[in-house]
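Biologist: Could you take me through this model feature by feature, giving the general idea before each case?

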Amino acid sequence: MTNAIGQSIPRKEDFRFLTGTGQYTDDVQQPNQLHAYFLRSPHAHARIRAIDVAAAKTSAGVAAVFTGADLDGKVNGLPCGWLITDMNGQPMKEPPHPPLASGKVRYVGDAVAVVIAETLDNAKDAAEAIAVDYEMLPAVVDPAKARCPGVETIHDEAPDNTCYVWSIGDRQAVDAAFAQAAHVARLDLVNNRLIPNAIEPRAALASYNRGEASYTLYVTSQNPHVERLLMSAFVLGLPEHKLRVISPDVGGGFGSKIFLYPEETVLTWASRQVERPIKWTAERSEAFLADAHGRDHVTRAELALDRDGKFLAMRVHTTAALGAYLSTFASSVPTILYATLLSGQYTTPQIYCEVTAVFTNTAPVDAYRGAGRPEATYVVERLVETAARELKIAPAELRRRNFITRFPHQTPVALCYDTGNYEATLAEAMRIADVAGFEDRRRHALARGRLRGLGYSAYIEACGLAPSNVAGSLGARAGLFEAGEVRVHPTGKVTVFTGSHSHGQGHETTFAQVVAEKFGIDTADVEIVHGDTDRIAFGMGTYGSRSIAVGGTAIVRAADKVIAKAKRIAAHLLEAADADIEFADGKFTIAGTDRSVAFAQVALSAYVPHNYPLETLEPGLDETAFYDPTNFTFPAGTHICEIEIDPATGETRIVRFTAVDDFGKVINPMIVEGQVHGGLAQGIGQALLEGCAYDAETGQLLTGSLMDYALPRSDDLPSFDVALKETPCTHNPLGVKGCGEAGAIGAPAAVMNAITDALWTLGIRDLPMPATPQTVWRAIRSAPQGRTART
Amino acid sequence: MASSRSTHTPASAGGTTLPSRSGRSTGGEAGDAARAAAQAPVMACSHLSLNVNGMPVSTEIEPRLLLVQLLRERLHLTGTHVGCDTGQCGACTVHMNGRAVKSCTLLALQAQGAEVTTIEGIAPAGGGLHPMQAAFHEHHGLQCGFCTPGMVMNAIDLVRTQPNLTEADVRSGLDGNLCRCTGYHNIVKAVLAGAGAMKGQS
Ligand code: FES
Ligand code: FES
């Protein structure tokens with residue numbers, strides 16, 4: 001197919017998922033496999049005085065029991081992949097993160113011991129026989145109080161529970177601008193902690209082959225090569241080429257499956273001790289307790305404006321919870337991925353942001369869909385809309401006065417936007433959402449006793465992570481390129497090996513479209529292989545909406561190499577000069593003639609090189625490219641949410657949600673819109689339903705099951721109006737930007753701005769997320785003008 | 001400073017109640033039965049006969065074995081998934097005697113003599129797709145695919161039991177099946193289309 005790009009082709013991967021023939025990690029069974037069960041801490045903070053595993057070791061079916069003491073000196077702590085340097089030039093505090101607790105437990109769910117047995121029941125029965133003597137310590141739960149004097153210390157390495165205090169921007173210039181301001185909008189915001197909850201729980205199956213002295217690990221990972229690198233080089237000290245990591249079908253990630261977790265690390269190590277395969281699959285309860293959580297910011301944000309509503313400066317102070325240990329990319333999320341986005345779509349000339357990252361006795365916090373960018377968008381878009389209402393300027397108008405319209409644009413917080421068209425997405429969203437008719441709808445709703453509100457969110461994100469040298473200068477301890485290999489077989493069929501990983505994104509279709517268009521062949525003739533370190537040269541994996549922009553470009557580069565070589569083969573076959581060969585529609589043609597040779601014929605010649613320039617060209621048609629991007633990409637768009645509140649119950653109903661996004665060039669609109677839908681559901685979930693709660697005293701997780709934590713269900717959500725605008729990215733060959741996180745980034749502010757709009761006349765200026773019926777109802781009851789709204 | 005000597009599995013540490021053995025906490029009678037079975041000191045094996053996807057199955061099982069474990073671990077029908085331990089997610093939905101059930105909330109013994117159909121058993125012989133499977137494909141009603149088998153099985157039951165489905169019916173009918181990927185938008189579209197196709201077929 002020559003026009004595969006831009007088509008909504010149904011997905012190639014669907015058949016196996018629809019017929020139950022996909023293979024997720026827990027579906028893999030190996031002969032002789034054992035089962036692991038992790039004994040977890042019931043306390044948020046306690047010293048381990050003693051662990052008695054004697055009875056467990058002799059329990060029926062038990063092969064081995066290991067505790068932190070067994071790993072001491074043999075297994076290193078889990079590393080953090082991003083070094084943040086604090087305001088005083090000091091490196092962040094990096095306390096050890098032992099895979100099994102050593103000396104102390106630091107959150108409810110911290111793994112204390114692993115029992116490995118013939119059956120899972122055997123393992124669980126034995127775990128009950130483990131006696132742990134805990135000396136309980138006060139728990140540090142509230143991030144805002146973690147640094148207060150007298151608060152218990154979680155790690156000796158960080159006596160004040162502070163990992164770093166980091167800043168970006170020119171504080172003096174910002175303060176000076178605030179002194180000049182005609183108006184200052186202020187908000188105190190909490191970005192609620194979320195629990196990712198991919199529907200497939202994490203799982204791992206590790207085995208050791210004594211004959212080859214090699215390990216194989218099946219694991220639910222978004223980035224198997226990163227997993228292998230961290231585990232082999234940093235934690236277990238294994239030779240990298242002796243560890244094969246396979247991420248087969250993975251049932252959703254949303255960031256939570258990026259990280260190197262204790263469980264798979266322990267399993268890999270233990271598989272050699274017991275010389276049998278070991279499987280572990282998390283129960284949902286364990287996912288709640290021990291998957292890395294997301295968000296959890298406490299922020300004071302201020303926006304200074306001049307008389308005309310032009311933004312002069314923004315000042316932001318954020319306290320970010322990191323949880324009990326530094327997870328793999330935890331340190332970068334509330335800094336590099338957050339504060340650099342505070343310019344939003346606006347020309348704000350000065351921005352200062354200070355971030356205090358603290359340890360708390362809770363599950364580790366790391367990237368969750370959007371990772372820092374939803375938090376930034378929430379700050380910017382809530383502030384902008386609050387300022388608009390305070391100044392009685394229409395929210396869209398205030399945004400227009402401050403939009404960046406000239407590109408490239410250097411923000412005061414490090415990023416340089418290459419391109420964008422914010423007016424286009426705003427105008428289209430307003431048209432689709434029928435903003436013009438809103439005041440009428442509001443009046444009609446009021447006549448029915450309902451409060452209607454309309455809120456905007458004009459978000460921006462930085463995707464396509466990332467230029468490795470820039471990331472390195474900011475503290476990244478890894479490269480952020482991607483690898484792709486394009487193998488043309490003798491018949492002209494193609495296998496593509498990519499370091500990106502699909503766990504729902506549909507790469508097997510999208511990447512096939514890219515390659516099919518390149519070669520002028522059918523998408524059915526292109527197979528995408530991902531998720532196996534033994535089959536794929538290298539890879540950095542999938543997160544930060546980077547797959548098409550970085551992984552896709554690597555594939556394009558490899559395909560270009562294939563075409564360049566194929567042209568030389570074609571020139572030989574056609575007895576023409578290399579320079580005279582053109583390639584289009586799957587045919588190599590001598591320019592200006594009708595003499596051509598088909599792609600498949602060239603491929604055959606490459607493998608059956610009888611008539612072939614062997615003196616100057618190797619046989620075969622298989623090329624690899626590593627692509628390191630030159631800049632981030634900057635997807636942006638406008639989301640508009642219209643809600644209706646029943647003041648009698650406090651229930652908020654979304655009546656209309658419009659998202660107009662600019663992801664640059666779109667390869668498969670159907671898949672892209674699906675990504676938007678899913679992101680919106682998570683963003684709306686954050687705004688209205690989801691909120692992780694720990695008991696403030698004990699640090700017990702109160703939202704530890706799907707009965708306590710409100711994951712959005714089908715009847716909680718509306719259908720969405722999604723449209724796309726295309727302003728191509730200027731620095732990659734496909735013109736793509738990435739789309740996976742936009743919904744989760746834009747939606748929370750749009751929803752909360754809509755709620756604030758509905759309640760503004762009652763004197764309500766802000767509500768915390770999630771805006772549950774109870775929260776809204778209470779706010780209305782206690783609002784200055786709330787009485788009038790009660791029905 | 002308080003001291004505690006913990007000698008049991010803190011599976012309920014999250015403030016939730018879970019049986020500490022493999023029985024998954026569930027609501028209703030099946031859950032009670034599962035708990036009772038999980039606490040039985042000696043696991044005598046029981047005989048179980050049923051049909052799965054039209055094939056007779058006859059086997060000895062521990063009474064505490066759940067239907068979903070029988071399907072996944074014994075019969076290697078791994079299309080039926082486990083997404084939770086509280087009967088909330090619906091990833092394990094199969095048909096028992098023609099009706100959708102959450103197979104994590106049933107003991108395998110409760111399927112004694114039953115006709116059980118899983119996602120592997122609904123497509124017509126010869127490699128095609130059931131109209132509901134086809135509708136999910138056509139309308140991009142799946143992303144990671146993990147919730148998909150349960151969604152499809154529940155959707156088929158929904159169409160069979162509710163003749164004139166509206167969007168609101170679909171949304172309330174699927175509220176026992178969680179999807180974290182799609183935002184349900186395309187699932188709803190797919191189920192409505194699949195309903196039409198199933199009608200056209202019957
Ligand atoms: S696994 Fe059965 S409802 Fe979740
Ligand atoms: S498609 Fe991933 S959970 Fe539904």
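Modeller: What follows is a set of questions and answers on numbering, salt bridges, empty spaces, the surface and the backbone.

Biologist: What should I know about the source and the numbering before I start?

Modeller: This is a predicted model, in which local features need pLDDT of at least 70 and side-chain atom pairs count only at pLDDT 80 or more, while totals for chains, interfaces and linings use all residues. Residues are numbered from 1 along each chain as its sequence is written, chains are lettered from A and ligands numbered from 1 in the order in which they are written, and side-chain values use heavy atoms, with hydrogens and water left out.

Biologist: How many helices and strands does chain B have?

Modeller: Helices (H or I, at least four residues) and strands (E, at least two) are DSSP runs, numbered from the N terminus. Chain B has 6 helices and 6 strands, and from the N terminus on they follow the order β-α-β-β-α-β-β-β-α-α-α-α. A residue is called buried under 20% relative accessible area, exposed over 50% and partly exposed in between, with a 1.4 Å probe and protein chains only; of the 202 residues of chain B, 58% count as buried.

Biologist: How many salt bridges are there over all chains?

Modeller: Side chains of opposite charge can pair when their charged atoms come close. The rule asks for a side-chain nitrogen of Lys or Arg within 4 Å of a carboxyl oxygen of Asp or Glu, and by this rule the count is 62 over all chains. One of them joins R49(A) to E135(A), with the closest N and O atoms 3.5 Å apart. Because R49(A) lies in strand 2 (residues 46–52) and E135(A) in strand 6 (residues 131–136) of chain A, the pair ties together parts that are 86 residues apart in sequence. R49(A) is partly exposed at 45% relative accessibility, whereas E135(A) is buried at 18%.

Biologist: Where do E439(A) and R442(A) lie?

Modeller: Both lie in helix 12 (residues 438–447) of chain A, 3 residues apart, which is about one turn of the helix. They form a salt bridge whose closest N and O atoms are 3.1 Å apart; E439(A) is partly exposed, with a relative accessible area of 41%, and R442(A) is also partly exposed, at 23%. Salt bridges that share partners join E381(A), E385(A), R389(A), R399(A), E439(A), R442(A) and D757(A) into one network.

Biologist: How many cavities does a search of the whole structure find?

Modeller: Rolling a probe the size of a water molecule over the atoms shows where empty space is left. On a 1 Å grid over the protein atoms alone, a cavity is a set of points where a 1.4 Å probe fits but cannot get out, and a pocket is an open set with protein on both sides within 12 Å along at least five of seven lines, lining residues having an atom within 4 Å of a point. Grid points are joined across faces, edges and corners, and a volume is the space filled by probe spheres set on the points. The search finds 12 cavities of 30 Å³ or more, and the second largest cavity has a volume of about 140 Å³. Of the 21 residues that line this cavity, the closest to its centre are H97(A), Y107(A), Y261(A), P262(A) and P364(A).

Biologist: What is the volume of the second largest pocket?

Modeller: The second largest pocket has a volume of about 630 Å³. It is lined by 25 residues, of which V141(A), D142(A), P143(A), Y694(A) and A696(A) are the closest to its centre.

Biologist: Which peptide bond leading to P408(A) should I look at, and what is its form?

Modeller: The bond from F407(A) to P408(A) is cis, with omega near -5°, and P408(A) is in the loop between helix 10 (395–402) and strand 16 (409–410) of chain A. The bond from M769(A) to P770(A) is cis as well, with omega near -10°.

Biologist: Is N32(A) buried or exposed?

Modeller: N32(A) is exposed, with a relative accessible area of 52%. Its phi is near 75°, a positive value in a residue other than glycine, and its place is in the loop between helix 1 (14–18) and strand 1 (34–40) of chain A.
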